[in-house]
Amino acid sequence: MSARPIEFPAAGLSDGVVTLRLIADSDLPAIVAAVSDPEIPRYTRVPEPYGEQEARRWQRLATSGIASGTDLPTLIVGAEGGELLGAVALHGLDPENGRCSAGYWVAAAARGRGVARRGLGLLCRYGFGELAVKRVELWIEPANLASLRVAEAAGFTREGLLRSYMQIGGSQAPQQRRTSASPSGLRDRSQAPQQRRTSASPSGLRDRSRRDMLMYSLLPQDLG
Ligand SMILES: CC(C)(COP(=O)(O)OP(=O)(O)OC[C@H]1O[C@@H](n2cnc3c(N)ncnc32)[C@H](O)[C@@H]1OP(=O)(O)O)[C@@H](O)C(=O)NCCC(=O)NCCS
């Protein structure tokens with residue numbers, strides 16, 4: 001596994017149903033529309049609010065990550081129609097340890113038909129085959145049942161709970177994020193007790209944006 005520039009195929013990677021390809025300028029409006037769904041910042045590190053500026057910033061980060069060989073963000077599009085369905089990325093490609101993490105989101109209208117599972121499978125296979133990755137990690141909130149299903153369907157193994165592991169949601173204060181995610185605030189009251197306990201700060205003020213995460217991993221041999 002090297003930190004050389006990643007030479008992602010110009011035609012993308014496809015399984016005949018979905019295609020992974022790099023981000024183009026013309027994708028930015030569709031990315032902004034998809035990411036406006038509060039479920040995405042709720043469970044990922046995608047900033048909220050999200051506009052064209054954030055999409056452009058993500059595109060720039062993608063370009064520099066690919067050039068430095070550290071990150072590979074791709075879009076998942078329909079193999080036939082080319083419509084934007086979601087995104088899947090490898091992050092933190094670590095040449096010394098052959099390790100990286102993966103992340104993904106799918107546009108609300110495209111969920112529940114295997115888009116995330118297919119996209120994740122394609123990108124992990126590419127990482128193992130072309131980038132000498134030996135282990136892909138996923139960090140998933142215990143409450144994110146759809147993502148847990150995706151991980152298991154893609155062949156990942158659950159390894160354990162990482163307590164108070166990650167700050168989710170970047171650019172807004174937790175209070176603002178809660179308001180936009182759920183005007184009733186019901187979602188926050190439904191947080192698992194374990195999450196509420198471990199997110200308490202030393203001052204006694206609860207830091208709700210720190211989350212426990214389940215660690216999953218995929219090794220090349222898990223793909224069969
Ligand atoms: C998680 C997410 C990417 C899944 O995308 P998707 O394309 O719908 O995923 P898939 O269709 O491949 O698989 C979804 C699975 O979850 C199941 N599922 C969906 N919602 C569910 C729920 N609320 N409870 C339990 N299972 C659920 C589906 O039935 C399906 O299971 P199956 O393969 O056994 O049929 C999508 O919901 C999303 O973008 N969520 C917000 C961002 C996010 O959570 N990203 C991941 C961060 S770790």
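**Figure 1. Glu7, in the segment before S1.** Strands are DSSP runs of type E with at least two residues, and they are numbered from the N terminus. So S1 is the name of a strand counted from that end. Glu7 has its place in the segment before S1. The model shown here and in every other view is predicted. Is Glu7 buried or exposed? Glu7 is exposed, because 10 other C-beta atoms lie within 10 Å, and a residue counts as exposed at 12 or fewer. Which residue lies 8.0 Å from Glu7, C-alpha to C-alpha? That residue is Ile66, and the two are 59 residues apart in sequence.

**Figure 2. The whole protein, for orientation.** The protein has 8 helices and 8 strands. It is made up of 224 residues, and 31% of them are buried. Now take the contacts with a separation of 6 or more. Of these contacts, 66% join residues 24 or more positions apart.

**Figure 3. An open sheet of 8 strands.** The strands follow the order S1-S2-S3-S4-S5-S6-S8-S7. Their pairing is mixed. Which strands stand at the edges? They are S1 (13–14) and S7 (157–167). Each has a single partner strand, so one side of each has no neighbour in the sheet. Strands of a sheet pair through backbone hydrogen bonds, either parallel or antiparallel.

**Figure 4. The hairpin of S4 and S5.** Strand S4 covers residues 84–94. S4 and S5 run antiparallel, joined by 7 bridges. In this pairing, Val88 stands opposite Tyr104 in S5. Look next at the turn. The hairpin has 4 residues between its two strands. Gly98 sits in that turn, with a positive phi of about 65°.

**Figure 5. S5 beside S6.** Strand S5 spans residues 99–106, and strand S6 spans residues 135–140. In which sense do S5 and S6 pair? They pair in the parallel sense, over 3 bridges. Two residue pairs are worth finding. Arg99 has Arg135 in S6 as its bridge partner. Cys100 has Val136 in S6 as its bridge partner. How many of the 8 residues of S5 are buried? The count is 6, and S5 is mostly covered.

**Figure 6. H1 packed against H3.** Two packed helices are described by the angle between their axes and the distance between the axes. Helix H1 takes in residues 28–35, and helix H3 takes in residues 52–68. Their axes are 9 Å apart and meet at an angle of about 115°. That makes H1 roughly perpendicular to H3. The crossing of H1 past H3 is right-handed. Which residues of H1 meet H3? They are Leu28, Ile31 and Val32. On the H3 side stand Glu52, Ala55, Arg56 and Gln59. By class, this contact has 4 nonpolar, 1 polar and 2 charged residues.

**Figure 7. A cis peptide bond before Pro49.** Find the loop between helix H2 (39–43) and H3. Pro49 is found in this loop. The peptide bond from Glu48 to Pro49 is cis, and its omega is near 0°. Most residues other than glycine have a negative phi, and most peptide bonds are trans.

**Figure 8. Ala132, with a positive phi.** Where is Ala132 found? Ala132 is in the loop between helix H4 (115–130) and S6. The phi of Ala132 is near 55°. This is a positive value in a residue other than glycine. Ala132 counts as partly exposed, because it has 13 C-beta neighbours inside 10 Å.

**Figure 9. Gly160 and Ser164 in strand S7.** Ser164 lies in strand S7. The phi of Ser164 is near 45°, again a positive value in a residue other than glycine. Ser164 has 16 C-beta neighbours inside 10 Å, so it counts as partly exposed. Gly160 also lies in strand S7. Why does Gly160 count as exposed? Gly160 counts as exposed because it has 9 C-beta neighbours inside 10 Å. Met215 is 55 residues from Gly160 along the chain. In space, the C-alpha atoms of Gly160 and Met215 are separated by 5.5 Å.

Conventions: Residues are numbered from 1 along each chain as its sequence is written. This is a predicted model: local features need pLDDT of at least 70, side-chain atom pairs count only at pLDDT 80 or more; totals for chains, interfaces and linings use all residues. A residue is buried if 20 or more other C-beta atoms lie within 10 Å of its own, exposed if 12 or fewer, and partly exposed in between; C-beta atoms are placed from the backbone. Two residues are in contact if their C-beta atoms, placed from the backbone, lie within 7 Å. Two strands pair if DSSP finds at least two bridges between them. Axes are lines fitted to C-alpha atoms, for helices over the stretch in contact, and angles run from 0 to 180 degrees between N-to-C directions. Angles under 35 degrees count as roughly parallel, over 145 as roughly antiparallel, 65 to 115 as roughly perpendicular and the rest as oblique. A crossing is left-handed if the near helix is turned anticlockwise from the far one by less than a right angle, and right-handed if clockwise. Ala, Val, Leu, Ile, Met, Phe, Trp, Tyr, Cys and Pro count as nonpolar, Asp, Glu, Lys and Arg as charged, and the others, Gly among them, as polar.
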